[in-house]
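The following report concerns a single protein chain. Its sequence and three-dimensional model are shown first, and the description follows.

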Amino acid sequence: MIRSELIQKLSDENPHLYQRDVERIVNSIFEEVIDALASGDRVELRGFGAFSVKKRDARIGRNPRTGESVSVEEKHVPFFKAGKLLRDRLNGQES
């Protein structure tokens, strides 16, 4: 599901809300998650999962095309850990 599909589904399920308002709400939620992760915080959505940031140290990598060694800088990457309810649903164990 992409963002526009999510907005459309929420709009369809909540006919009392304008689609532009639903779009603002969804965008606000995503922006808050992004801002929290950018400042190094962890975001937990109970039953769904937790988003956090992991640090990857600098290392020496290899260019797969040429085989030449290249240095890869330190970087921070987003990480998602699924919650118990989500894992159970995916494995067919309704709660």
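In which strand does F79 lie? F79 belongs to strand 5; helices (H or I, at least four residues) and strands (E, at least two) are DSSP runs numbered from the N terminus. The model is a predicted one, in which local features need pLDDT of at least 70, side-chain atom pairs count only at pLDDT 80 or more, and totals for chains, interfaces and linings use all residues. Residues are numbered from 1 along each chain as its sequence is written, and side-chain values use heavy atoms, with hydrogens and water left out.

**Overall form**

The protein chain contains three helices and five strands. Read from the N terminus, the order of these elements is α-α-β-β-β-β-β-α. The radius of gyration is 19 Å, whereas a compact globule of 95 residues would have a value near 12 Å; the quantity is taken over C-alpha atoms, and the globule rule is 2.2 Å times the number of residues to the power 0.38. Along the principal axes, the C-alpha trace spans about 60 × 35 × 30 Å.

Of the 95 residues, 16% are buried. In this report buried means under 20% relative accessible area, exposed over 50%, and partly exposed in between (1.4 Å probe, protein chains only). The accessible surface amounts to about 8000 Å², and carbon and sulfur atoms hold 51% of that surface; the areas come from the Shrake-Rupley method with a 1.4 Å probe, and for residues only the protein chains shown count as cover.

Among contacts with a separation of 6 or more, 30% are between residues 24 or more positions apart, a contact being heavy atoms within 4.5 Å. The chain carries 17 positive and 16 negative charges, whose mean positions are 7 Å apart. Lys and Arg count as positive and Asp and Glu as negative, while His and the chain ends are not counted; each charge is placed at NZ of Lys, CZ of Arg, CG of Asp or CD of Glu.

**Strand pairing**

Three antiparallel pairings are tabulated below, where two strands pair if DSSP finds at least two bridges between them.

| Strands | Residues | Bridges |
|---|---|---|
| Strand 1 and strand 2 | 43-45 (strand 1) | three bridges |
| Strand 3 and strand 4 | 59-62 and 69-72 | four bridges |
| Strand 2 and strand 5 | 75-82 (strand 5) | eight bridges |

Strand 1 and strand 2 form a hairpin with three residues between them, and G47 in the turn has a positive phi of about 85°. Within this pairing, L45 has G49 of strand 2 as its bridge partner. A hairpin is also formed by strand 3 and strand 4, with six residues between them and G67 in the turn at a positive phi of about 80°. Here R59 is opposite V72 of strand 4.

**S52 and F79**

The pairing of strand 2 with strand 5 places S52 opposite F79. S52 is part of strand 2, which covers residues 49-56. The C-alpha atoms of F79 and S52 are 5.2 Å apart in space, although 27 residues separate the two in sequence.

Is S52 buried or exposed? S52 counts as buried because its relative accessibility is 18%. F79, in contrast, is partly exposed, with a relative accessible area of 35%. Leaving aside residues up to four places away in sequence, S52 touches L37, R42, V77, P78 and F79. On the same basis, F79 is in contact with A50, F51, S52 and K54. In a regular strand the side chains alternate between the two faces of the sheet.

**Helical positions**

Helix 1 spans residues 3-13 and includes S11. S11 is buried, at a relative accessible area of 10%, and touches Q19 and V22 when residues up to four places away in sequence are not counted. L6 also lies in helix 1, but is partly exposed, with a relative accessible area of 25%. Beyond its neighbours up to four places away in sequence, L6 touches M1, V26 and F30. Between L6 and L85, which are 79 residues apart in sequence, the C-alpha to C-alpha distance is 20 Å.

Helix 2 covers residues 19-38 and contains A38. A38 counts as exposed because its relative accessibility is 70%. The C-alpha atoms of A38 and P78 are separated by 9.4 Å, with these positions 40 residues apart along the chain counted as their separation.
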